[in-house]
Amino acid sequence: MLVNARDMLTKARDGHYAVAQININNLEWTKAALLAALELDSPVILGVSEGAAKYMAGFGTVAAMVKAMDRDLAVNVPVALHLDHGSYDACLKCIEAGFTSVMFDGSKLPFDENTAKTSEIVKLAREKDISVEAEVGSIGGEEDGVIGAGEIADAAECKKIAELGIDFLAAGIGNIHGVYPANWKGLDFEALAAIQKAAGGMPLVLHGGTGIPEDMIKKAIGLGVSKINVNTECQLAFAAATRLYIEAGKDKQGKGFDPRKVLAPGFEAIKAACKEKYTMFASAGKA
């Protein structure tokens, strides 16, 4: 059932677990994330980047697909359709398209401009009961061509953004998008604790969830992280399973070239990755 992410993340914060945001790239990704959530009785957030939405023909197409699939699969766990790292214009489009949650990423803007635009998005989203995520301190790595060095967010700035009426906050604590390098220093838990206090206990978001060790994940959840984003890990699982299918020559056996058969191993790999994350984040059974 499609809902905004506000209540599910408040519940996660209070229950000391995190809800996975699984970034979707097509029908297979969406169906895998939803079926995994159904099987484990877990809430889930379907994240959509601007690049992924463009690939899928637009925000309207994505919203229509998710709503129809939610209905046809008789999904009875909480599901939020969320814009990931959205520009101001993308937030407006998603609000109109029927998304239930949006992230306005003004972390690259001067702080005053980030504050002003976040306030505007909050006002527009409230009119349609849509939850809002904002960001302070850019997340490292690359996301749709936007590269961040992995800043540590300023706690005072986090406090100001949190007071604008947003529902959950993404703050850089040394996390990055993509695969973590061998010399990664790990999450800055002192910064996380300071941000959690400054934000008044608001649910916090950990971007770049792929590859963070489980002990760090659990410690972050204990310090108020209630939403963890996963994208690269599902992509790697899909690519590996698809490669094995092709290299085994299965596409040349009978009707193995049927795209439904070609994509099936990758679909199952995504689904397995989702179930692993729902279990690790302790959201299984929490729907």
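**Salt bridges, aromatic pairs and an enclosed cavity**

Arg-6 has a relative accessibility of 21% and counts as partly exposed, since the buried class is reserved for values under 20%. The model examined here is a predicted one, and this arginine is a convenient place to enter it. The side chain of Arg-6 meets that of Asp-167 in a salt bridge, with a distance of 2.7 Å from N to O. This contact links distant parts of the chain, 161 residues apart: Arg-6 belongs to helix 1 (residues 6-15), whereas Asp-167 sits in the loop between helix 7 (155-162) and strand 8. Unlike its partly exposed partner, Asp-167 is buried, with a relative accessible area of 11%.

Asp-167 also forms a salt bridge with Arg-126, and here the closest N and O atoms are 3.2 Å apart. Arg-126 lies in helix 6 (residues 111-126) and Asp-167 in the loop between helix 7 and strand 8, so this pair ties together parts that are 41 residues apart in sequence. Arg-126 counts as partly exposed, at 34% relative accessibility. What network of salt bridges holds these residues? Arg-6, Arg-126 and Asp-167 are linked in it together with Asp-129.

More generally, side chains of opposite charge can pair when their charged atoms come close. In this structure the count comes to 15 salt bridges. One of them has a local setting: Glu-214 and Lys-218 meet through their side chains at 3.5 Å, N to O. Both residues are in helix 9 (residues 214-222), and because they are 4 residues apart there, about one helical turn separates them. Each of the two partners is partly exposed, Glu-214 at 40% relative accessibility and Lys-218 with a relative accessible area of 43%.

Attention now turns to the rings. How many aromatic pairs does a search of the whole structure find? The search returns 2 aromatic pairs. Trp-29 and Phe-238 make up a tilted one, with 4.9 Å from centre to centre and 45° between the planes. Trp-29 comes from helix 2 (residues 27-40) and Phe-238 from helix 10 (residues 232-247), so the contact ties together parts of the chain that are 209 residues apart in sequence. Both rings belong to buried residues: the relative accessible area is 5% for Trp-29 and 16% for Phe-238.

Phe-59 and Phe-99 form an edge-to-face pair, their ring centres 5.8 Å apart and their planes at 85°. The pair ties together parts that are 40 residues apart in sequence, because Phe-59 lies in helix 4 (residues 59-72) and Phe-99 in the loop between helix 5 (88-97) and strand 4 (101-104). Phe-59 is buried, with a relative accessible area of 13%, and Phe-99 is buried as well, at 2%. A ring also takes part in a contact with a charge: the charged end of Lys-31 sits over the ring of Phe-267, 5.8 Å from the ring centre.

The interior offers a further feature to look at. The structure holds 1 cavity of 30 Å³ or more, and the space in the largest cavity is about 50 Å³. Which elements each supply at least two residues of its lining? They are strand 8 (168-171), helix 8 (189-198) and strand 9 (204-206). Strand 9 gives the most, with 3 residues. The residues lining the largest cavity are Leu-169, Ala-171, Ile-173, Leu-192, Ile-195, Leu-204, Val-205, Leu-206 and Val-225. By class, the lining has 9 nonpolar residues, with no polar and no charged ones.

Strand 8 and helix 8, two of the elements named for that lining, are joined by the loop in which Val-179 is found. Val-179 counts as exposed, at 59% relative accessibility, because the exposed class covers values over 50%. Between Val-179 and Gly-209 the C-alpha to C-alpha distance is 9.5 Å in space, while 30 residues set them apart in sequence.

Technical notes. Residues numbered from 1 in each chain as written. Predicted model: local features only at pLDDT ≥ 70, side-chain atom pairs only at ≥ 80, totals over all residues. Heavy atoms only, no water. Phe/Tyr/Trp six-rings, centres within 6.5 Å; stacked < 30°, edge-to-face > 60°. Buried < 20%, exposed > 50% of the residue type's maximum accessible area, 1.4 Å probe, protein only. Lys NZ or Arg CZ within 6 Å of the ring centre and 35° of its normal. 1 Å grid on protein atoms, 1.4 Å probe; cavity = no way out; pocket = protein on both sides within 12 Å on 5 of 7 lines; lining within 4 Å. Points joined across faces, edges and corners; volume = space filled by probe spheres on them. Nonpolar A, V, L, I, M, F, W, Y, C, P; charged D, E, K, R; others polar. Salt bridge = Lys/Arg side-chain N within 4 Å of Asp/Glu carboxyl O.
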